[in-house]
Amino acid sequence: MQLPDLALRGTIWLSLLAWVVGECQRSLKRDPRGRGRWAWAIGALAALTHAALAFHLRHRWSQAAAYADTARQTGAATGLAWGGGLFFNYAFLAVWTADALWWWVAPDSFHARSRLLDRAVRGFLWFMFLNGAVVFAQGGMRWLGAAAVLAVAVAWYRGAGAGKSNRP
């Protein structure tokens, strides 16, 4: 594997790992207010880096090329060649980046937000990782992705059973 491909794949898997760590720290610790903040920010930054690398290395900064490639990948995975998933990826990047920034800039406000908003953000990220790391992954990477999203679901369940705050 060449360095550009390694960087492209490595950044999204770093993002996945950081997301899992952040979610587990938030869900399983007694005091979730500050737990996971570093991992959350690193994960969002790694996802942004991955997107920039993909646009540069694979699409030559062309929206049309990115849309066509998304349609090709979606068609291969689902049988429906639709490129609109690209806009879900943009939403994923925007939501996670905004959430990470909010946690750093205004942590008291971040932790006082409604449970519904917290669950919506975290559930959306889980859904996106499920698709990216399981549905669209191949081979052994699919199994690693499945283990990651399952680990987060288990952390949420265990955190809910212990009466933790700020959980989905």
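**Exercise 1. Arginine 26 and its rings**

Task: Find which ring faces arginine 26 lies over in this predicted model.

Solution.
Step 1. Start with tryptophan 40. Arginine 26 lies over the face of this ring, 4.9 Å from the ring centre.
Step 2. Turn to tryptophan 103. Arginine 26 lies over its face too, at 4.8 Å from the ring centre.
Step 3. Place the two rings in context. Trp40 and Trp103 belong to one aromatic cluster, which also holds Trp19, Phe92, Trp96, Trp102, Phe110 and Phe129.

**Exercise 2. An aromatic pair between helices**

Task: Classify the pair formed by tryptophan 96 and phenylalanine 129, and state which parts of the chain it ties together.

Solution.
Step 1. Note the setting. The structure holds 15 aromatic pairs.
Step 2. Take the geometry of this pair. The centres of tryptophan 96 and phenylalanine 129 are 5.6 Å apart, and the planes make an angle of 85°.
Step 3. Apply the cut-offs. Centres within 6.5 Å make a pair, and planes over 60 degrees apart count as edge-to-face. The pair of tryptophan 96 and phenylalanine 129 is therefore edge-to-face.
Step 4. Locate the partners. Tryptophan 96 lies in helix H4 (residues 85-105) and phenylalanine 129 in helix H6 (residues 115-135), so the pair ties together parts 33 residues apart in sequence.
Step 5. Check burial. Both tryptophan 96 and phenylalanine 129 are buried.

**Exercise 3. Phenylalanine 129 and the nonpolar core**

Task: Describe the surroundings of phenylalanine 129, then find its place in the largest nonpolar core.

Solution.
Step 1. Begin with accessibility. Phenylalanine 129 has a relative accessibility of 5%. Buried means under 20%, so phenylalanine 129 counts as buried.
Step 2. List the contacts, leaving aside neighbours within four places in sequence. Phenylalanine 129 is in contact with Ser15, Leu16, Trp19, Phe92, Trp96, Val134 and Val149.
Step 3. Look at the core. The largest nonpolar core has 21 residues. Those that touch the most other members are Leu16, Trp19, Trp40, Phe92, Trp96, Leu125 and Phe129.
Step 4. Trace the core to its helices. Helix H1 (3-28), helix H2 (37-58), H4, H6 and helix H7 (139-161) each supply at least two of its residues.
Step 5. Follow phenylalanine 92. Residues up to four places away set aside, phenylalanine 92 touches Ala47, Phe124, Leu125, Met128 and Phe129.
Step 6. Compare sequence and space for another member of the aromatic cluster. Tryptophan 103 and phenylalanine 129 are 26 residues apart in sequence, and their C-alpha atoms are 20 Å apart.

**Exercise 4. The largest pocket**

Task: Give the volume of the largest pocket and say which elements line it.

Solution.
Step 1. State the volume. The largest pocket contains about 1,600 Å³ of space.
Step 2. Find the residues closest to the centre. Among the 43 lining residues, these are His50, Gln73, Asn89, Gly132 and Phe136.
Step 3. Assign the lining to elements. H1, H2, helix H3 (63-78), H4, H6 and H7 give two or more residues each.
Step 4. Pick the main contributor. H3 gives the most, with nine residues.

**Exercise 5. Threonine 70 and alanine 151**

Task: Decide whether threonine 70 and alanine 151 are buried or partly exposed, and list their contacts.

Solution.
Step 1. Take threonine 70, in helix H3. Threonine 70 has a relative accessible area of 14%, so it is buried.
Step 2. List its contacts. Beyond residues up to four places away, threonine 70 touches Trp82, Gly83, Gly85 and Leu86.
Step 3. Take alanine 151, in helix H7. Alanine 151 has a relative accessible area of 30%, so it is partly exposed.
Step 4. List its contacts. Apart from neighbours within four places, alanine 151 is in contact with Val20 and Cys24.

**Exercise 6. Positive phi in a loop**

Task: What is the phi of arginine 60 and of tryptophan 61, and where do these residues sit?

Solution.
Step 1. Recall the background. Most residues other than glycine have a negative phi.
Step 2. Read the two angles. Arginine 60 has a positive phi of about 50°. Tryptophan 61 has a positive phi near 60°.
Step 3. Locate them. Arginine 60 is in the loop between H2 and H3, and tryptophan 61 is in the loop between H2 and H3.
Step 4. Add accessibility. Arginine 60 is exposed at 60% relative accessible area. Tryptophan 61 is exposed at 54%.

How values were computed
Residues are numbered from 1 along each chain as its sequence is written. This is a predicted model: local features need pLDDT of at least 70, side-chain atom pairs count only at pLDDT 80 or more; totals for chains, interfaces and linings use all residues. Side-chain values use heavy atoms; hydrogens and water are left out. Rings of Phe, Tyr and Trp (its six-membered ring) pair if their centres lie within 6.5 Å; planes under 30 degrees apart count as stacked, over 60 as edge-to-face and the rest as tilted. Helices (H or I, at least four residues) and strands (E, at least two) are DSSP runs, numbered from the N terminus. Buried means under 20% relative accessible area, exposed over 50%, partly exposed in between (1.4 Å probe, protein chains only). A charge sits over a ring if NZ of Lys or CZ of Arg is within 6 Å of the ring centre and within 35 degrees of the ring normal. A nonpolar core is a set of buried Ala, Val, Leu, Ile, Met, Phe, Trp, Tyr and Cys residues joined through side-chain atoms within 4.5 Å. Contact means heavy atoms within 4.5 Å. On a 1 Å grid over the protein atoms alone, a cavity is a set of points where a 1.4 Å probe fits but cannot get out, and a pocket is an open set with protein on both sides within 12 Å along at least five of seven lines; lining residues have an atom within 4 Å of a point. Grid points are joined across faces, edges and corners, and a volume is the space filled by probe spheres set on the points.
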